[in-house]
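Reader: I would like to learn how to read a model such as this one, feature by feature. Could you take me through it slowly?

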Amino acid sequence: MVKIKHFLFLIIISFPFLLFSQLKFDSKLFSSEIKKKAKEFNEEFNFNKAQYFFLENNWDSTLVYSMKQLSSENKELNDYCHYFRATSFNNKKLFKEAKKEFNLISSKFKFKYKAKLALGEIALKQNEFRKGLKYFKEIENLPNSSIYDLKKSTVFHNIGLCYLHLKKIDEAEKYLFKASKLQELEKDTLMLIGSYTDIANLYYEQYKDAQAIPYFEKAYNLSRKVKSFELKQNATLNMAVVEENRKNFPLALTYRKEYEAWKDSLNDQNKVWAIADLEKKFAIKQKQKEVDVLAAENKAKKAERNVFFISSVLLFVMFGAGVYFYRQKAKNNKIILAQKNQLDELNATKDKLFSIVSHDLRSSVNALKTSNGKLMENLKHKNYSELDVLLHKNSSIASGAYNLLDNLLNWALLQTQQAYFYRESLHLATIVQHVEFNYKPLMFNKNINFRNDVVAADHVFADLDSLKIIIRNFLDNAIKFSKENGTISIYTRPSSEEFCYLVIEDTGLGMKESTRKELLKETILLSKKQNDDIIGTGLGMQLCKSLIRKNEGKLDIESEENVGTRIIIALPKFKNHG
Amino acid sequence: MDNINVLIVEDTPAESDALVEVLSENNYNIVGVARTHQEALTLFYQNTIDIVVIDVFLDGKPDGITFAETINIVPDGQKPFVFLTSSKDRQIFERAKLTKPFSFLMKPFNELEILYALEMAVEKFYEQTNVFHSEDQNTVISRDSLFIKKNKVLKKVQIKDILYIEVEDRYCNIITDAEKFVILISLTKIIQLLDPAKFCQTHRNYIVNLSKIQQINVNDNLIILKGNHKVTLSDKYKDFVKNFRILK
């Protein structure tokens, strides 16, 4: 019994080896066929992927892509896909799935026999010998022409094995011999060792030791030539068992020892493989670590670069902003400087104005004071004729001071933009008349001949109050600069489309060309005092110019020394419609 | 012709006295001088007033403007007015400006200026500007009166007193119950300004107050008015007769 156990053990362990060699063998021919198909259907991306992974023995990926291909429209490739899937399952030891897939392959498939062979092998593995036998028999019966790349020896061998297991010794013997003969012809040593071993086992089981032993020895001798430790081990073990049973213990021992040696070397090899595997794994790990480190370094570098980039952009923006603000500031400074200068000028003007005005007022009031003292004196002495003269003098001083103050007030209002300013249609002749009315006594005193020749139809578009101030000031000046018995006339020149020209003419002192130009200058500064006695502060002139400008008018002066002066005020005409 | 009735609203006696004097000299009839806002309102509604002269500041407050605003509320009670002010304060002016029609006079002012201001106030109020200082017109016509500037004096004639108007070139002879005088206004303008329900043209040269007609003699082309004034009726204008209910 012990013997039989050993044999069974041997047989069973020889299967994977057999199947393995078979698959590897036929793959070459099959793969070229698959590649052809792939080229034919190179549009089918999934199929290409599936066949690529199939040939690479990457079963999982093959499963995924073949599944995808199956779900596509193209049915032509379905058999290939099923085959891929079946083989993949088979290799993954999922026999149930593999069987299912193999059965799905249609009978038209060029390599259907491969599927059958595989099915048979699966059956063999699962100890369903009858089933296996059926598959193998089908293949055996196929004509040689339709079996492209399959070795009949394998089929025979498998059939033999099936019979062996089914205890049909005669049949088994027949097929195994057939197989061994074919293999001898094909010089397939590996398979031949399997066949010899199986034949030996066959005989040994029938206790035909004499027939069995030569096969064992043949297998043993062949095994010495091959590199497979497994085969050597099996063959040696078989020899050991045979010698043991022959009670040839020393020889058995030698075989045993050899067996042990092969086993050890196999183990060693396994160990070496395992170690190599471990080392490989370790190396991979190491590499992975390195890769990780590099990746991390890259990440850090990237981050660093980003930081650098962002910071440089920020710096640039800040620099730009800085330049912009600096420029803005410089511009503002310029403006501020200009404004400051202007303000300084204005302030100087104001100060000057202040001093001149206060000086004038002081002298006016002082004159009044002394005049009043004289008045009282004369009143005491009842000198009435002198009183009249003094009173007239007083009133003229007072009116002069009043005019000055009035101008001052108007100037202040104009400067601070507080004055009410409303332009409307004004009857020029009437306005002149109104202004003149106040100066009648003064002109009478100086015996000045006054004429108002303003055309009654002239209407101007101006602010009433400012127009009055303008006329008042110029009339005042005209009277001031006129000699006794002089003539002052106010009239309008023929007007243009837009302007009405009001002329105030006197036969007075006149002025130099330089003074005339000075007066017409567009300046905010007061003109200088030249003649303290007659020329006033210049405030009136400035006020008039400003007011004329505000009324959108123009000023011109015509003058000749010792002949007279013409002040020409151009004022916008009133237009009823627009 | 009547004098113009003026109400003065002024709290400073010295100034109001001067004003009264100047205006009286120029044939204005001073109805009264009000010192306060309340007094002004009382005087304004008790008397027939043609023009009001208002000092903006009464007792330091801009009550003058308040008064102007008050009288402006009653639509038919409005009268022309002139503001007197010594302040050029813009805010005050902005407020005063809202009491349209707005005319003002800066203090101090002379005789000519106040008279001018009053005339301007009338012109602006009745929206007939550039009348009193133009050469071809001297009359402003309101709903019930004619304001006539005659010899630099502003006078008034009640429209209801007019019998008829005789047009002569650029002049119009105004004939009332009591007197007859000439004004300077064109025929087209006077017809435009008179109420067509009360006045009607009967001839190229005649405009008749309808309420004064006593007899129309169509055959003789004659209209006889109150006071036995006779006016010609020309064929061209006979149509107006249809406006009357004729007794048969």
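Author: We will go from the whole of one chain to a pair of strands, and then to the contact between chains. Please keep in mind throughout that this is a predicted model.

Reader: How many helices and strands does chain A have?

Author: Chain A has 18 helices and 7 strands, and of its 578 residues 30% count as buried. Among contacts in chain A between residues at least 6 apart in sequence, those that join residues at least 24 apart make up 61%.

Reader: What is the make-up of the span 307-326 of chain A?

Author: The UniProt annotation, from an unreviewed entry, labels residues 307-326 of chain A "transmembrane region". In the model that span is 100% helix and 0% strand, and its end C-alpha atoms lie 27 Å apart.

Reader: Why is strand β12 of chain B described as largely enclosed?

Author: In a regular strand the side chains alternate between the two faces of the sheet. As for β12(B), residues 199-203, 4 of its 5 residues are buried, so the rest of the structure largely encloses this strand. Its antiparallel partner is β13(B), residues 206-209, joined to β12(B) by 4 bridges; the two strands form a hairpin with 2 residues between them, and Phe199(B) stands opposite Asn209(B).

Reader: Which residues make up the contact between the chains?

Author: The contact takes 13 residues from chain A and 12 from chain B. On the side of chain A, helix α15, residues 428-445, gives the most, with 5 residues, and that side divides into 5 nonpolar, 7 polar and 1 charged.

Note on methods
Residues numbered from 1 in each chain as written. Chains lettered and ligands numbered in written order. Predicted model: local features only at pLDDT ≥ 70, side-chain atom pairs only at ≥ 80, totals over all residues. UniProt positions renumbered as here; feature names shortened; annotations may be inferred. Contact = placed C-beta atoms within 7 Å. Nonpolar A, V, L, I, M, F, W, Y, C, P; charged D, E, K, R; others polar. Buried ≥ 20, exposed ≤ 12 C-beta atoms within 10 Å, placed from the backbone. Pairing = 2+ DSSP bridges.
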